[in-house]
Protein chains: 2
Amino acid sequence: MSGLQLFGIPGLPEIAEGTDLAVAILDAATAAGTPLHDGDVVVVTSKIVSKAEGRTVELADIEPSPFALAWSAQWEKDPAVTEIVLRESKRVVRQLGPILITETHHGFVCANSGVDQSSSGAHGRAVLLPLDSDASARSIRAGMLAAGVDAAIIISDTFGRAWREGQTDIAIGIAGMQPITSYIGDVDPHGHEFKVQALCTADELAGAAELVKGNLSRVPVAVIRGHAWERDDSATIAPVLRDQTRDLFR
Amino acid sequence: MSGLQLFGIPGLPEIAEGTDLAVAILDAATAAGTPLHDGDVVVVTSKIVSKAEGRTVELADIEPSPFALAWSAQWEKDPAVTEIVLRESKRVVRQLGPILITETHHGFVCANSGVDQSSSGAHGRAVLLPLDSDASARSIRAGMLAAGVDAAIIISDTFGRAWREGQTDIAIGIAGMQPITSYIGDVDPHGHEFKVQALCTADELAGAAELVKGNLSRVPVAVIRGHAWERDDSATIAPVLRDQTRDLFR
């Protein structure tokens, strides 16, 4: 049977600032009896990347602005968290009732700038998205290459969408492979030329990885084996970010 | 290694109106050396469902409205196709330049009401989305159950998204399992309660399936093996359709 295999990497240590994620992931995979191979796609949940990079903040250290204070009081939110969400954004895309959809400095449109309070390791801390999630992916890829494993890396996060309920894991950083596979100009079996079809393979890989990671278990890394990808060390997530001038929903 | 296996089902016959998809898929899977198992999730591209259900139209039979004629002339579109797109929609969500985003009668927000001209089997025909894609999924599931295979069925299509470039395959119909996995009320390893997390597993499964189907090859069906799902024959895609009153982007 050709096809893909997907599996999670259990047994990672608690990630702290400075943890070498490449080494930690390689070691955990080997200890689990599933050592990584050349050609694997490794999907890493952004939260552990943020922890390794020290992208956490003490809420007590944050001084909320008057705007953050007023809105938080109205909707029973923590004003320090609201302040962080605003600082992590370059623009508020929608603000209605308790919902705050922002565009992050990276250009991601998501709820609360991707700021997370659910499992920061202690009360009173928030986890921010990595500053440069492509750089995070490149760093993990380089660390694995140094250890002899040529893997593509995707940093994933759990985002909501317009129009559809339920969140999905999507890619916020990538290294080693392009995120989009374009069929534009190719011809289908009936001779029709594809005019618009370009698949966001990176998002499909990130979503697939969520199926084996789970959200309640501590399995923040998953491997997709058997996916053919073309090595490209210039790859970034930028082609996935729709330019505002092309966006009808921003 | 626990985890998931994903593989495509090659060798399906050309699908025509009346083709029994359950039988065709089971036979092709067995012929390919990968017979389907109880517990498999089978993802079927909507296009072959539409063909089996006769959801194709001859463009020559369509009389475009004045609105369809005028807009099509402006943007060099086929007015018959525009007319079909409008008839398949209950509302135009965005219309800007040559782009036409509609809400279909089912409640899906997508480009061109999901109407497809790329591989209809002949020039001058268009393939419409299935009339009731949950019913299509239930019919395939029932056919497989009758043949002794208890599989969950997802009907998938390739949709664009707001904010992000690149399309992904998502679920437009489902049978046997609920499309959304909710963690709301569950508690993470650090004792935080999940307040908002509900994952659209069906979309992640559909996207994962695309990775092994490919768009240029004739592999319109893929299997995900190893995904734990709870049998629920009341399941529909409805929970995924965000109500317009809850939607900030419609």
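This note covers the domains, one helix pair and the chain symmetry of a predicted model.

1. Basis. Residues count from 1 along each chain as its sequence is written, and chains are lettered from A, ligands numbered from 1, in the order in which they are written. In this predicted model local features need pLDDT of at least 70 and side-chain atom pairs count only at pLDDT 80 or more, while totals for chains, interfaces and linings use all residues.

2. Domains. Chain A has domain 1 (5–55 + 130–241) and domain 2 (58–126); the bounds come from an automatic or database domain assignment. Their C-alpha centres lie 26 Å apart. Domain 1 of chain A gives 7 residues to the contact and domain 2 of chain A gives 8. Contact means C-beta atoms, placed from the backbone, within 7 Å.

3. Helix pair. Helix 1 (residues 21–31) and helix 5 (residues 133–146) of chain A have axes that come within 8 Å and cross at roughly 55°. Helix 1 of chain A is therefore oblique to helix 5 of chain A (neither under 35 degrees, nor over 145, nor 65 to 115). Axes are lines fitted to C-alpha atoms over the stretch in contact, with angles from 0 to 180 degrees between N-to-C directions. Helices are DSSP runs (H or I, at least four residues), numbered from the N terminus.

4. Helix contacts. Leu21(A), Ala22(A), Val23(A) and Leu26(A) of helix 1 meet Ile140(A), Gly143(A) and Met144(A) of helix 5.

5. Symmetry. A turn of 180° and a shift of 0.0 Å along the axis lay chain B on chain A with an RMSD of 0.0 Å. That is the relation of a two-fold axis. Superposition is by least squares on C-alpha atoms of residues with pLDDT of at least 70 in both copies.

Conventions:
Contact = placed C-beta atoms within 7 Å. Helix = DSSP H or I, 4+ residues; strand = E, 2+ residues; numbered from the N terminus.
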